[in-house]
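Thank you all for making the time this morning. I would like to walk through one model with you, beginning with how far it can be trusted and then moving to a few places in it.

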Amino acid sequence: MILAWRGTLATIGLVLGLAHAAAAAEGVAVPSRSWSFDGIFGTYDRAAAQRGFQVYQNVCAGCHGVRFLAFRNLLDIGLDEETVRAVAAERTVVDGPDDGGEMYERPGRLSDRWPSPFANEQAARAAMGGAYPLDLSLIAKARPQGPDYLYALLTGYHEPPADMAVPDGLYYNAYFPGHLIAMPPPLSDGAVEYADGTEATVAQMASDVTYFLTWLAEPKLEERKQTGIKVVLFLIVLTALLYAYKRRIWADVH
């Protein structure tokens with residue numbers, strides 16, 4: 001029986017070791033960064049999220065959709081209503097049918113969702129040479145170490161090692177599994193002109209768009225943390241009251 005258990009444990013250890021080795025072969029460890037939303041008291045940096053939206057709007061939106069983002073949601077990162085209405089009006093959305101039963105296009109409104117850059121997946125693949133550009137609505141939660149991974153990926157484009165051949169149409173990225181990625185480097189210094197005057201370096205833009213995409217994936221994060229803190233405080237007070245009540249009830253029992 002003991003030998004059987006030892007054999008089972010050895011097998012499990014071998015499997016885990018092989019899995020770890022395979023993961024290590026696919027990519028390197030993603031460096032951890034400090035984000036304002038980390039920890040139980042963490043909150044979003046609204047200024048960074050607004051800059052990140054600028055990066056998404058000017059760099060990413062041509063290929064990647066955000067189907068869960070409604071224009072009115074942008075009010076939650078501190079953009080004023082006039083600005084958001086102007087952003088919505090710049091986008092064309094499909095509506096209808098009209099009285100004649102036909103679909104038609106119109107400028108976006110606050111209640112509309114951000115329109116997809118492609119009509120469907122097949123159109124996206126045809127435009128992108130067979131690659132499918134992922135929707136970014138939940139990308140920050142869909143990857144392990146989501147925010148850290150996004151930042152590392154966006155800043156991980158480098159020259160490949162001398163002994164590594166990169167096929168045409170692919171690019172070397174230090175943090176992408178397998179190191180070969182079909183997406184060209186999306187960021188370059190000065191790619192956007194920030195409204196607040198912040199210098200638009202690759203590192204700054206990568207950080208800002210990570211803030212935006214993390215907020216997009218977890219828009220209720222701050223509310224959830226605040227609720228959790230209130231619940232913990234309530235339970236602490238309730239525990240103290242119950243303990244005091246118990247001491248009073250049983251005070252005469254020896």
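I will take confidence first, then the helices, and finish with the salt bridges and a patch on the surface.

What you see is a predicted model, and the protein chain averages a pLDDT of 88, with 89% of the residues scoring at least 70. Where, then, is confidence lowest, and where is it highest? The lowest mean, 39, belongs to helix 1, residues 2-26, whereas helix 7 has the highest, at 98. Over residues 1-25 the pLDDT stays under 50, and for that stretch the model has zero contacts beyond four places in sequence. Where pLDDT is low, the predicted coordinates should not be read in detail. I will therefore leave residues 1-25, with their pLDDT under 50, out of the rest of this talk.

Let me turn to helix 2, residues 46-60. With 15 residues at 1.5 Å a residue, this helix should span 21 Å, and its end C-alpha atoms are 19 Å apart, which agrees. Its buried residues include Ala 48, Ala 49, Gly 52, Phe 53, Val 55 and Cys 60, and the list also holds Arg 51, Gln 54, Tyr 56 and Gln 57. Those buried residues pack against helix 3, residues 81-89, and against helix 7.

That brings us to helix 7 itself, which covers residues 202-217 and contains Thr 214. Is Thr 214 buried or exposed? Its relative accessible area is 4%, so Thr 214 counts as buried. Setting aside neighbours within four places in sequence, Thr 214 is in contact with Phe 37, Tyr 44, Ala 140 and Pro 147.

A second threonine is worth a look here. Thr 155 sits in the loop between helix 6, residues 146-154, and strand 3, residues 171-172, and with a relative accessible area of 23% Thr 155 is partly exposed. Not counting residues up to four places away in sequence, Thr 155 touches Val 202, Ala 203 and Ala 206. Thr 155 and Ala 206 are 51 residues apart in sequence, yet their C-alpha atoms are 6.9 Å apart in space.

Now for the charged side chains, where the count comes to eleven salt bridges. One of them joins Asp 95 and Arg 106, at 2.7 Å from N to O. This pair links distant parts of the chain, as Asp 95 is in strand 1, residues 92-95, and Arg 106 is in strand 2, residues 104-107, eleven residues apart. Arg 106 also meets Asp 112 in a salt bridge, at 2.8 Å from N to O. As for exposure, Asp 95 is partly exposed at 21% relative accessible area, while Arg 106 is buried at 11% and Asp 112 counts as buried at 12%.

Another salt bridge pairs Glu 218 with Arg 224, at 2.8 Å from N to O; Glu 218 is partly exposed, with a relative accessible area of 23%, and Arg 224 is partly exposed as well, at 48%. Returning to the earlier group, salt bridges that share partners join Asp 95, Arg 106, Arg 109 and Asp 112 into one network.

Last comes the surface. Val 231, Phe 234, Leu 235, Leu 238 and Leu 242 form a nonpolar patch there, with about 460 Å² of accessible area together. Leu 242 is found in helix 8, residues 221-249, and is exposed, with a relative accessible area of 51%.

Methods. Residues numbered from 1 in each chain as written. Predicted model: local features only at pLDDT ≥ 70, side-chain atom pairs only at ≥ 80, totals over all residues. Heavy atoms only, no water. Patch = residues over 30% accessible without salt bridge, like charges linked within 9 Å, V, L, I, M, F, W, Y side chains within 5 Å. Areas by Shrake-Rupley, 256 points an atom, 1.4 Å probe, with all protein chains shown as cover. Salt bridge = Lys/Arg side-chain N within 4 Å of Asp/Glu carboxyl O. Helix = DSSP H or I, 4+ residues; strand = E, 2+ residues; numbered from the N terminus. Buried < 20%, exposed > 50% of the residue type's maximum accessible area, 1.4 Å probe, protein only. Contact = heavy atoms within 4.5 Å. pLDDT = per-residue confidence, 0-100. Expected span 1.5 Å × (residues − 1).
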